[in-house]
Amino acid sequence: MSKYAKLIGITLFTIVSFCIYGIAKTSAETTTNLKIETTEGDDTYADSFNLSGYIYGESNTLLPTFHYTDGAFELKDESSFFEILDASIYLTADQLMEEHKSFMRGKSPYAQFKVEDEKVVYAASDTDQYWQETSTNQLNVSLLDKANDEISDYTFSLPEDSSGTSLESVRNFYVQYPMVYFTLLTAESNNSSLYKIYSADLSKETPELQLVREIDSKLSTVDSLYSSLSESANSRYLGLAEINYNEYEMSVDSFTIYDYETDTLLETQSLEGIEQPNLLRDGENLYITSPSENGLTVYQVDTSAEPAALSPIFELPASENGPILPAFISDNILYSYEEHYDSVALNYSIQINDLNTGDLLYKGEILGEDSEPVDMSLIDIQKAAE
Amino acid sequence: MKQSLKHFIRLVNFEFERMYKFLFAVMGILIAANLAGYILLPLEYMNNAREIMRIDSLTTAQFIENNDPFSMYPVSISLWVLGPIALGIIGFIFYSVFIWYREWFGKNTFIYRLLMIPVSRMQIFFAKFLMIVIGVFSLLALQLLSLWIGEIIVSNIVLGEFYTSYNLPQILQLNYIFQIIFPSIGEVFLGSYIIGFVAVLVLFTVILFERSFRIKGLVMGIGYAIACLFFVLSPNLIPTVFKNYHILFDSELILLIFGFSLIVGMISILLSRYLLKHKITV
């Protein structure tokens, strides 16, 4: 036995060391569980939105991503390794991965999805899915019928009269089934970039892309212009603006609203005096929000006038913690968030206001389970499914 | 079966007796270098801190405000710690080759006696393979122990506000190299080391090709190794073939790479068995 002493000794040392490390690792693991603490209003609204983001660790490395859905937080780190691999930080893509994984095969989680009660529509250029130096000028559209999980795939090429045009990406699209309207960013032969509106009728046997209109080259889409979050709702309106760049600042003089259904462009009145305007859409209604000295001002856009007039609806009072940033509007309710840094952590509060009266319906702060602030970054906020 | 196992353990012990001097030497260098780092670096920090505080008439709080407190991070990225790790990796790659060639080119040509032992030749193969596995994991275990002891030493040299304490799992997350060597996710740890040991099996097969057919065998072996590499990495080409980065989910890609690695491992074992049985003759 003594002749095996060294071998047994080194083997035991190795096994015991790893076992002790495993135990130490397990006992040292502190799962940062989150909660939303209602500070004002009706806490039933806490179920009306979904969130996703990252939690920061002590060594300033990103730790688990979290999702907040159905009124509860889920730390992605607690899922199995393979679930973590396939999870997306973006709520829509992640939900589709969980519920319709086969539909998500070949789909970029960063591309455009429009999710409705019965259908999901996906649109992306070939370049969105696989970067190529020379664009194939193909647009991939996929339609999922949720009722029977039937998937219909379409591949569109730019119309024949598009020589010299290279399709770069899909910036926006609108579904009014069977019509789908796309806002495509194209590169032209004169090295300029242009937004173009195309449409396709999916009810046809061989649907084709039809050019609807070219957008003035000075205009760009304005989704998430002054906000890190973007709206993903299926809106008939596309926000455009001429963005002016002065050193490190951006500014816009006015918005131009494109209506997919009527193929009309409508310019708003001058935005002079309206700082960092964000265009928000809620069905047929359009709103502009702007941070002001006293908080956040919400304007309604009157599209019956030309130029479209802006009338202030209400002003959300400023918080002592920091600016209020708009997220989205749904069913006449404004969802916004506060982002404040207190030298320890970057943390967030969610605020919900009635759009008609400005009344605060709900305010909640995202905290750790011990009611202490948690250093985190909010990536996505959406309306929860009803 | 029992007899066979007894022979195998004897072979493993025999290989260990030949390896332990090398292993203990590397372990000794690791301990010595790490200890030097655990003592010299915090002492240097404290000396610098005292000097700066004296020259600029700073209090401890003022110094900490403008300078990062010390922690195991600078120690873990220093040559005192990373050097022995590199030495261990290079050492074991070298030893994986040496473990075979010593049989032919050692003081005595031992391979003939080894192959004459009334055991399956694959037991010799697996004994050598197991030696590499034990050696690598024992070094890893020692590094874990060293870091744990190091944290105690450093925290006793750099006191109070000057020091940010981390536990062992946190120390392993501070450093990119440690994140590769000690992945925090169990599946990643297991998967990456299994793939690493498959690479050792491929290396053994290349050596046996060379020993069987000499120069021609070396060329065949290198060709085999390159083919294995391409085969294992081939799932990464699927997005290129389909011109879609998302045609495979990340979990599927990882599983394919892991599965292909296991196939390569099996083929390497079967090829090695064939070469040992039919081509390497006494």
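The exercises below, each followed by a worked solution, concern a predicted model of a complex.

**Exercise 1. Confidence**

State which scores the predictor gives the complex, and what the mean pLDDT of chain B is.

Solution. Begin with the complex as a whole, to which the predictor gives an ipTM of 0.90 and a pTM of 0.85. Then turn to chain B, where the mean pLDDT is 92 and 99% of the residues reach 70 or more.

**Exercise 2. A salt bridge within chain B**

Locate the salt bridge between Glu103(B) and Arg18(B), and decide whether Glu103(B) is buried or exposed.

Solution. The first step is the contact itself: the side chains of Arg18(B) and Glu103(B) form a salt bridge with an N to O distance of 2.7 Å. The second step is to place the partners, and since Arg18(B) belongs to helix H1 (residues 2-56) of chain B while Glu103(B) belongs to helix H4 (residues 79-105), the pair ties together parts that are 85 residues apart in sequence. The third step concerns accessibility: buried means under 20% relative accessible area, and Glu103(B), with a value of 0%, is therefore buried. As a last step, consider a separation along the chain, for the C-alpha atoms of Glu103(B) and Ala141(B), which are 38 residues apart, are separated by 29 Å.

**Exercise 3. Two further pairs and a network**

Compare the settings of the salt bridges Glu51(B) with Arg54(B) and Arg211(B) with Glu210(B), and name the residues that salt bridges join into one network.

Solution. In the pair Glu51(B) and Arg54(B), the N to O distance is 2.7 Å; because the two residues are three apart in helix H1 of chain B, about one helical turn separates them. Glu51(B) is partly exposed at 36% relative accessible area, whereas Arg54(B) is exposed at 57%. In the pair Arg211(B) and Glu210(B), the N to O distance is 2.8 Å, and both residues are buried. In chain A, salt bridges with shared partners link Arg236(A), Asp259(A), Glu261(A) and Glu284(A) into one network. Over all chains, a search of the whole structure finds 17 salt bridges.

**Exercise 4. Charged surface patches**

Identify which residues form the negative patch that includes Asp70(A) and which form the positive patch that includes Lys3(A).

Solution. The negative patch on the surface gathers Asp42(A), Asp43(A), Asp47(A) and Asp70(A). Of these, Asp70(A) sits in the loop between strand S3 (62-69) and strand S4 (72-75) of chain A, and its relative accessibility of 72% makes it exposed. The positive patch draws on both chains, being formed by Lys3(A), Lys2(B), Lys6(B) and Arg10(B). Within it, Lys3(A) lies in the segment before helix H1 (5-28) of chain A and is partly exposed, with a relative accessible area of 49%.

**Exercise 5. Backbone geometry**

Find where cis peptide bonds join a residue to Pro178(A) and to Pro307(A), and where Ser57(B) and Arg214(B) are placed.

Solution. For the first bond, Tyr177(A) is joined to Pro178(A) in cis with omega about 10°, and Pro178(A) is in the loop between strand S9 (166-176) and strand S10 (179-187) of chain A. For the second, Glu306(A) is joined to Pro307(A) in cis with omega about 0°, and Pro307(A) is in the loop between strand S19 (295-302) and strand S20 (309-317) of that chain. Turning to phi, Ser57(B) has a positive value of about 50° although it is not a glycine; Ser57(B) lies in the loop between H1 and helix H2 (60-66) of chain B and is exposed at 60% relative accessibility. Arg214(B), also not a glycine, has a positive phi near 60°, but is found in helix H9 (residues 186-233) of chain B and is partly exposed at 43%.

Definitions and conventions:
Residues numbered from 1 in each chain as written. Chains lettered and ligands numbered in written order. Predicted model: local features only at pLDDT ≥ 70, side-chain atom pairs only at ≥ 80, totals over all residues. Heavy atoms only, no water. Patch = residues over 30% accessible without salt bridge, like charges linked within 9 Å, V, L, I, M, F, W, Y side chains within 5 Å. Areas by Shrake-Rupley, 256 points an atom, 1.4 Å probe, with all protein chains shown as cover. Salt bridge = Lys/Arg side-chain N within 4 Å of Asp/Glu carboxyl O. Lys, Arg positive; Asp, Glu negative; His and termini not counted. Charge placed at Lys NZ, Arg CZ, Asp CG, Glu CD. Helix = DSSP H or I, 4+ residues; strand = E, 2+ residues; numbered from the N terminus. Buried < 20%, exposed > 50% of the residue type's maximum accessible area, 1.4 Å probe, protein only. pLDDT = per-residue confidence, 0-100.
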